Every structure is written in C-alpha cells, then in structure tokens.
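Let's take a friendly walk through this model, starting with a sheet and ending at a ligand. Keep the structure open beside you as you read.

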Amino acid sequence: MTANETWTVLDLLRWTTAHFAKQGIETARIDAECLLAHALSSSRLRLYLEFDKPVEESERARFRELVKRRGHDRVPVAHLTGEKEFWSLTLGVTPDVLTPRPDTETLVQAALARLPDREAEATLLDVGTGSGAIALALLSERPKLRAVATDVSAAALAVALANAERVAVRDRIDLRAGSLFEPVADERFDLIVSNPPYLAEAEAAGLAPELAFEPPEALFAGPAGTEVLRALVSGAPRHLEPGGTLLLEIAPAQAPVVAGWMRDGGFEDVCVLDDLARRPRVVVGRHARTGGDA
Ligand SMILES: C[S@@+](CC[C@H](N)C(=O)[O-])C[C@H]1O[C@@H](n2cnc3c(N)ncnc32)[C@H](O)[C@@H]1O
C-alpha cells in the first residue's frame with residue numbers, strides 16, 4: 001500500500017483482508033471493512049456500492065495507521081473506531097468497558113423470550129452493565145421495560161449513560177455504582193441479567209492479545225473464575241419478584257456447576273442455552289413463586 005499507486009476500495013479490502021489473515025486475525029474481512037469504512041467516514045454498506053472508487057492518499061494514510069494498529073498492535077476494532085454494533089444498536093465503546101460480544105446476544109434473546117408481551121410493564125436489573133449493552137438492547141425491544149443497571153466501574157457507567165442517551169432510552173434506565181446487589185438495597189425485579197467477569201486469574205497468560213485492551217475487572221473474577229457468578233446466584237433470590245427469572249452468561253465449562261448452584265438454591269426450570277456456535281453460554285432459572293428467599 002504505497003503512497004503513489006492507485007488503490008480502489010476493493011483493492012484495499014482484499015489486500016488488508018489477506019494481511020490480517022496472515023497475522024492470525026480470524027475476523028480479517030470484517031475488520032478490514034469496519035476500519036476502511038471508518039477511515040472514509042462511510043459505512044460498510046456504502047463500501048459495497050463503491051468497490052471501484054479510487055481512495056485518496058490522505059484517506060489511505062489514515063487507513064494505513066488503523067491497519068497497523070489492528071494488525072501489529074492487535075488493538076480491537078471497536079477501540080479504533082470507538083463503536084460496536086450490538087443487537088440492533090450501535091454503541092459507543094472506550095477502553096473503560098468490555099467491547100460487547102455477539103455471544104452475549106444469546107442472553108438478550110433468552111431474556112426477551114421471558115418478556116413475551118412487548119407492551120407489558122416489567123422491571124430489569126443488569127449487574128455489571130459495562131457499555132450498557134444488555135440493558136439497552138432489552139429496553140430498545142420492550143418500550144415499557146424499566147431498568148436498573150449497575151457496575152463497580154464509574155468510568156463504565158459514564159459510557160453506559162452516553163449510550164442510553166444515544167439509543168434514546170435514558171428516561172427508563174437508572175445507572176448505579178457498586179458491587180453486586182449493593183446498589184439495589186431491598187428492591188426486587190422481574191428479571192435479573194448479568195454477563196459478569198468469569199475468567200480465572202490464571203487464565204490471563206493464554207488469552208487472545210486483544211483481551212489485553214479490555215478492563216481487567218470486566219474479565220477476571222478471582223482465582224476460580226466463578227466467584228462473581230456464585231455471589232449472583234446466592235444473592236438473586238432476595239432481589240427477584242416471585243416467579244422472576246435470573247439469566248447469567250457463563251464460560252461453557254462453567255454451565256454444569258452454575259446450573260447446579262441454581263437448582264440447589266431453589267430455582268425452578270433451570271436450563272442451559274447454547275450460543276450460535278453451539279457452546280453452552282447462558283444459565284437460566286426461575287425464582288420459586290413462594291418462599292425460597294435464601
Ligand atoms: C464481562 S463485562 C460485561 C459488560 C456488559 N454487560 C456486556 O455484556 O458487554 C463485566 C462487567 O461487570 C463489572 N463488574 C465486575 N465485577 C463486578 C461486581 N462485583 N459488581 C458489579 N459489576 C461488576 C465490570 O466492571 C464490567 O463492566
């Protein structure tokens with residue numbers, strides 16, 4: 001990609017896709033598209049309509065820098081563009097929040113299935129909201145849903161607040177700082193959702209290089225990895241309405257143990273749901289209609 005040649009949109013996409021693939025980036029083509037669209041202040045769709053258009057040197061210089069930071073430094077695309085698509089939303093992303101993952105859409109889908117009436121009033125608690133991804137996706141789909149979303153990170157809550165404004169649901173979300181159920185005193189909710197940190201500290205060494213750019217408190221729960229999940233399962237009954245549902249994202253290997261805790265804790269209809277890659281990803285349980293407030 002030298003300065004004096006003519007390069008079209010398609011040439012740049014092809015070259016960059018091959019370059020990223022050589023560097024072991026699995027999402028080479030889509031990353032190339034997102035970065036080129038960003039460098040051209042355009043959209044991925046528009047690139048497809050302008051494959052033959054020559055790209056000016058000033059735009060190519062901007063793109064070259066992005067390609068270098070993605071390919072060589074392994075900076076995640078969302079940190080380079082400042083945004084990420086999640087569900088049907090475009091969310092702002094900074095290094096203070098976990099970049100929302102497509103895997104987490106499994107949790108959103110499962111939560112929506114527990115809110116079958118689009119127009120019904122309901123309440124939601126999202127523990128560890130990060131960018132706000134889960135709560136905002138649910139609020140965008142259910143116009144009468146109201147949410148409390150919490151995080152230990154004040155910086156993450158600032159990102160969630162900006163995103164709530166961006167997707168026009170600010171009036172239905174209450175953002176609160178604190179750990180686990182601390183910020184909700186004795187309040188109860190119809191639905192509690194969480195994609196908590198669930199990696200063990202010892203797993204840090206073997207992770208994809210991109211994860212080094214994510215906030216550690218979003219990834220690591222403690223020596224076992226299940227510490228925050230355990231606390232969520234044991235605390236949730238005191239914050240669920242009778243018959244309310246707890247939905248937790250987990251690492252695939254954690255599914256049996258978390259489902260076991262839920263059953264032992266008196267949750268009913270406990271089940272494990274797979275993501276699109278058929279890996280166990282979400283554990284769901286219904287709080288008993290009577291008693292069981294451990
Ligand atoms: C895996 S990220 C998930 C972010 C977002 N919900 C998503 O799905 O993209 C976990 C989030 O939980 C927050 N967190 C970690 N420990 C927490 C705790 N004890 N209580 C509340 N939030 C916590 C982190 O700051 C981080 O924002």
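## Two paired strands

Two strands are said to pair if DSSP finds at least two bridges between them. Please keep in mind that this is a predicted model. Here, strand β4, covering residues 145-151, pairs with strand β5, covering residues 173-177. Their pairing is parallel and runs over 5 bridges. To find the register by eye, look for T150, whose bridge partner in β5 is R176. D151 stands opposite A177 in β5.

How does the chain get from β4 to β5? The path goes through helix α8, residues 154-166, and this β-α-β crossover is right-handed.

## The whole sheet

Zooming out, β5 and β4 belong to an open sheet of 7 strands. Reading across, the order is β5-β4-β3-β6-β9-β11-β10, and the pairing is mixed. In general, strands of a sheet pair through backbone hydrogen bonds, either parallel or antiparallel.

Which strands form the edges? They are β5 and β10 (268-274), each of which pairs on one side only. On average, neighbouring strands of this sheet are turned by 15 degrees against each other, with direction ignored.

## Around the ligand

Now for the ligand, which has 19 residues around it. Coming nearest are G128, D151, L180, N195 and A218. D151 is thus a residue to look at twice: it also stands opposite A177 in β5. By class, the shell holds 9 nonpolar, 8 polar and 2 charged residues.

Several polar atoms sit by the ligand. A polar side-chain atom of N195 is 2.9 Å from a ligand oxygen atom. On the backbone side, a polar atom of T129 lies 3.3 Å from a nitrogen atom of the ligand, and one of V152 lies 3.5 Å from a ligand nitrogen atom. Taken alone, the ligand exposes 600 Å², and the protein buries 94% of that.

Key
Residues are numbered from 1 along each chain as its sequence is written. This is a predicted model: local features need pLDDT of at least 70, side-chain atom pairs count only at pLDDT 80 or more; totals for chains, interfaces and linings use all residues. Side-chain values use heavy atoms; hydrogens and water are left out. Helices (H or I, at least four residues) and strands (E, at least two) are DSSP runs, numbered from the N terminus. A crossover is right-handed if, with the strands pointing away from the viewer, the path from the first strand over the helix to the second runs clockwise. A residue is near a molecule or strand if one of its heavy atoms lies within 4 Å of it. A polar contact is a pair of N or O atoms within 3.5 Å; within protein, one must be able to donate a hydrogen and the other to accept it, and residues adjacent in sequence count only if both atoms are side-chain atoms. Accessible areas come from the Shrake-Rupley method with a 1.4 Å probe; for residues, only the protein chains shown count as cover. Ala, Val, Leu, Ile, Met, Phe, Trp, Tyr, Cys and Pro count as nonpolar, Asp, Glu, Lys and Arg as charged, and the others, Gly among them, as polar. Axes are lines fitted to C-alpha atoms, for helices over the stretch in contact, and angles run from 0 to 180 degrees between N-to-C directions.
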